[in-house]
Amino acid sequence: MKQIKFLIIALFLFVFPKFVLSQNTEFEIDKLYKVNSNKAGFSVAVFKGDDIFFEKTYGSANLDYNIPITSETVFDIGSIAKQFTAAAILLLEEEGKLSIKDPAYQYIDNLPRYKKGNPTIEQLLNQTSGIKEVDPYLGVIDLWFYDYLNHSQMINIITKVKSLRFTPGAHFYYTNANYILLASIIEKASGESYNDYLQKNIFEPLKMEHTIFNNDLYKVIKNRAIGYTEAEGKFYNTHFYSLNYSGDGQILTNPKDMFKWHQNLKNAVIGTSELWKKMHTKAKLNDGTEINFGLGVEFETHNGYEAVGFDGMSVGGFVSKYLYFPKLDTAFFTTQNTFNWDFRDHFFQFVDLFLPKVESKNKASKYKEIELSNNELKKYEGTYLFYFNDEDSKANTIKLKGNTLAVLTLDGDEIATLIPLGNNRFLFGEGENAIITFSFNQKEKQYTYDELENTTPWLFKEFQLYKHTEEELKEFEGHYFNKDFQIGKKLQLEKGKLYYYYRNGASKNVMASISKDLLEISISPIKFLRNSKNEITGFDLMGVVFEKI
């Protein structure tokens with residue numbers, strides 16, 4: 001009897017600390033994720049070894065009907081879907097139906113033979129193809145994500161953009177376009193639809209019964225969470241129902257099914273261990289530089305621990321993250337049906353509740369500031385513009401303020417100060433992430449802004465601000481047409497302002513002056529083109545040329 005009593009006490013002492021730890025941890029998780037029942041919410045899980053160590057849900061899946069999120073609720077996981085696309089390509093390679101070393105054009109009709117080189121399937125997978133992002137070009141042809149968008153439309157846009165950002169393999173540049181193309185390659189090589197191939201070769205063998213590829217905007221999806229965006233304390237339904245293309249997203253799942261996928265990545269339930277090792281090997285650029293991206297996965301380091309996984313973000317109202325720490329054999333998965341930009345902060349606060357504490361070491365700065373005189377600093381002053389013939393544009397002014405170079409918006413608001421490092425190099429603020437490097441020649445002054453390792457630096461060129469007169473704006477008026485996309489544009493002067501018309505006149509935007517023959521709309525700068533007689537012949541919008549008619 002005494003022996004039994006001793007065993008009960010020993011067992012109690014053994015279990016009790018774990019129980020207390022679990023209660024404390026759950027309390028901290030609740031502080032991170034708990035919301036009122038009438039708010040969009042979260043589903044969070046921790047996978048430890050071969051078990052779901054922790055799983056909990058918070059908030060509402062549908063605010064119209066106040067339906068709570070449960071363990072059965074499925075969420076749009078955004079770009080985490082790219083893992084399944086990459087897996088399908090590698091399974092097809094194992095079947096002998098393709099090689100990832102093949103040029104992509106072998107499997108995609110009308111893919112251009114680019115002047116800078118022809119990307120391989122592998123370069124699509126590891127995001128080094130140089131193919132431009134497709135999303136911004138929707139604005140060029142008067143579409144948006146609330147419009148019905150099918151796969152052939154997206155492929156048509158990608159293949160009509162004739163130039164690459166860089167030589168394939170030279171840099172890392174993340175795009176959805178690469179994975180939309182990969183979906184077409186899966187269909188060509190397998191002879192099946194993207195959905196059917198994934199269903200038969202991944203979801204069914206792994207018994208991922210709650211994982212759905214949403215390829216039909218009329219489909220009823222059981223236990224589906226609706227996506228929202230919060231603004232000023234109110235939730236708005238921003239769910240996209242009209243996206244009917246594949247490869248880069250549009251997959252819905254829940255933590256239980258993600259655990260089955262996680263177990264497969266570890267134990268090769270389907271495919272071979274060599275396949276999953278290939279998927280989780282860091283890619284290399286042409287010059288041998290290793291990047292933090294594999295085939296559909298990205299690598300991170302947190303608190304000294306190496307990890308691999310992926311983020312998924314949809315402005316339609318969803319954010320997800322899956323991250324595995326091999327050394328600890330622990331993975332984390334969180335998903336939510338409200339879009340926000342600070343989800344990573346929440347995620348890593350969640351992770352830190354389970355990761356062993358690591359003593360932080362004060363890291364010495366790898367940059368050494370030098371002193372430059374005001375006369376030396378003044379040569380860097382100017383107004384600079386970045387626009388790379390595609391989806392982004394930025395402009396700023398660099399000006400000496402006291403004894404320091406400041407970076408200002410065109411309206412005069414200070415963005416950062418430049419810390420001199422020598423050899424025309426400056427640290428952009430004190431974050432130690434971005435370096436800008438100036439170069440000078442007889443014709444122009446410019447600088448590169450390099451923040452993310454192994455990506456293409458942004459090139460800012462000095463330009464002269466220019467305000468067009470009404471008479472000059474009238475010269476830009478007229479109708480313009482692009483033959484590739486078979487779409488026209490109308491520019492019209494009204495009450496002294498030049499308007500750019502969308503959707504055959506259904507809406508319009510004022511065009512803002514930037515520089516001589518360079519104006520801007522919300523999506524990009526527009527560069528007007530002239531002939532030898534100085535007459536306007538057309539304009540260039542993100543590399544798409546519209547001829548004046």
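The paragraphs below go through a few local features of this predicted model, starting with a buried charge and ending with backbone angles.

Aspartate 248 sits in a loop, the one that runs between β10 (243-244) and β11 (251-253). The residue is buried, yet no salt bridge accompanies its charge. Among side chains of opposite charge, the nearest is that of lysine 82, at 4.8 Å. A salt bridge requires a side-chain nitrogen of Lys or Arg within 4 Å of a carboxyl oxygen of Asp or Glu, so the 4.8 Å to lysine 82 does not qualify. What the side chain of aspartate 248 does have is a polar contact of 3.3 Å with the side chain of glutamine 250. Once neighbours within four places in sequence are set aside, the contacts of aspartate 248 are Gly78, Ser79, Ala81 and Lys82, together with Asn176, Tyr179 and Ile180. Lysine 82 therefore appears in the contact list, where the criterion is heavy atoms within 4.5 Å, although it forms no salt bridge with aspartate 248.

Serine 43 is another buried residue, but this one belongs to a strand, β1 (residues 42-48). Why does serine 43 count as buried? Its relative accessibility is 0%, and the class covers values under 20%. Leaving out residues up to four places away in sequence, serine 43 touches Lys56, Thr57, Ile69 and Phe75, as well as Pro255, Phe333, Thr334 and Thr335.

The next feature is a hairpin. Strands β29 (residues 512-515) and β30 (residues 518-520) are paired antiparallel through 3 bridges. Within this pairing, serine 513 has leucine 519 of β30 as its bridge partner. The turn between the two strands holds 2 residues. One of the turn residues, aspartate 517, has a positive phi of about 65°.

Most residues other than glycine have a negative phi. Two loop residues can be set beside that rule. Asparagine 66, which is not a glycine, has a positive phi of about 50°. Its loop connects β3 (60-62) to β4 (67-68). With a relative accessible area of 41%, asparagine 66 is partly exposed. Arginine 503 likewise has a positive phi, near 50°, and is placed in the loop between β27 (497-502) and β28 (507-510). Is arginine 503 buried, exposed or partly exposed? Its relative accessible area is 40%; the partly exposed class lies between the 20% and 50% limits, so arginine 503 is partly exposed.

Notes. Residues are numbered from 1 along each chain as its sequence is written. This is a predicted model: local features need pLDDT of at least 70, side-chain atom pairs count only at pLDDT 80 or more; totals for chains, interfaces and linings use all residues. Side-chain values use heavy atoms; hydrogens and water are left out. Helices (H or I, at least four residues) and strands (E, at least two) are DSSP runs, numbered from the N terminus. Buried means under 20% relative accessible area, exposed over 50%, partly exposed in between (1.4 Å probe, protein chains only). Lys and Arg count as positive and Asp and Glu as negative; His and the chain ends are not counted. A polar contact is a pair of N or O atoms within 3.5 Å; within protein, one must be able to donate a hydrogen and the other to accept it, and residues adjacent in sequence count only if both atoms are side-chain atoms. Two strands pair if DSSP finds at least two bridges between them.
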